[in-house]
Amino acid sequence: MPAGPFSIGSALWPGISKLVEEAGEVSQVCGKLIGSGGEIMHWDGTNLKERLEDEIGDLITACMFVIVTCGLDWERVTTRWEAKARKFNQWHAEQS
């Protein structure tokens, strides 16, 4: 079966659909953490910290696949990443 548009194997922005899917799964686990008041053990018996670790790993993989496969500018991505990390750390320090 041929790849659909934006899926892995597509000629048009391959992996974008997977990137969106993985981002949604990270959002879902974060929503569960917020809904549980930060409790790690979810009512369904799963460990939300472990689920978040797994889903972030999947999201990073999807990000890297899109960066490489779609020919994105790695230097631009890492420059932005470093700048955003500095800002997040500054915000965290100011709020702590």
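1. The largest pocket first. It holds about 380 Å³ of space. Bear in mind that this is a predicted model.

2. Which residues line the largest pocket? The lining is made up of Ile56, Leu59, Ile60, Cys63, Met64, Ile67, Trp74, Val77, Arg80, Trp81 and Lys84. Helix H2 (48-69) and H3 are the elements that give two or more residues to this lining. H2 supplies the largest share, six residues.

3. Now the chemistry of that wall. Nine of the lining residues are nonpolar and two are charged. Polar residues are absent from the lining. Arg80 and Lys84 are among the residues that line the pocket, as are Trp74 and Trp81.

4. Helix H3 covers residues 74-95, which is 22 residues. Does its length come out short, long or as expected? At 1.5 Å a residue, H3 should span 32 Å. The C-alpha atoms at its ends are 31 Å apart, so the span agrees with the expected value.

5. Look next at the start of H3. There, a side-chain oxygen of Asp73 comes to within 3.0 Å of the backbone nitrogen of Glu75. Trp74, a pocket-lining residue, belongs to H3 as well, since that helix takes in residues 74-95.

6. Glu22 deserves a check. This residue lies in helix H1 (residues 16-35). Is Glu22 buried or exposed? Its relative accessibility is 6%, so Glu22 counts as buried; the cut-off for buried is under 20%.

7. What does Glu22 touch, apart from its neighbours within four places in sequence? Its contacts are Glu55, Asp58, Leu59 and Ala62. Two of these partners, Glu55 and Asp58, are acidic by name, and both count as charged. Leu59 has a second role: besides its contact with Glu22, Leu59 helps line the largest pocket.

8. Two backbone angles in the segment before H1 are worth a look. Phe6 lies in that segment. Its phi is near 75 degrees, a positive value in a residue other than glycine. At 36% relative accessibility, Phe6 counts as partly exposed.

9. Trp13 also lies in the segment before H1. Phi of Trp13 is positive too, at about 45 degrees, although this residue is not a glycine. With a relative accessible area of 43%, Trp13 is partly exposed.

How values were computed: Residues are numbered from 1 along each chain as its sequence is written. This is a predicted model: local features need pLDDT of at least 70, side-chain atom pairs count only at pLDDT 80 or more; totals for chains, interfaces and linings use all residues. Side-chain values use heavy atoms; hydrogens and water are left out. Helices (H or I, at least four residues) and strands (E, at least two) are DSSP runs, numbered from the N terminus. The expected span of a helix is 1.5 Å times one less than its number of residues. A polar contact is a pair of N or O atoms within 3.5 Å; within protein, one must be able to donate a hydrogen and the other to accept it, and residues adjacent in sequence count only if both atoms are side-chain atoms. Buried means under 20% relative accessible area, exposed over 50%, partly exposed in between (1.4 Å probe, protein chains only). Contact means heavy atoms within 4.5 Å. On a 1 Å grid over the protein atoms alone, a cavity is a set of points where a 1.4 Å probe fits but cannot get out, and a pocket is an open set with protein on both sides within 12 Å along at least five of seven lines; lining residues have an atom within 4 Å of a point. Grid points are joined across faces, edges and corners, and a volume is the space filled by probe spheres set on the points.
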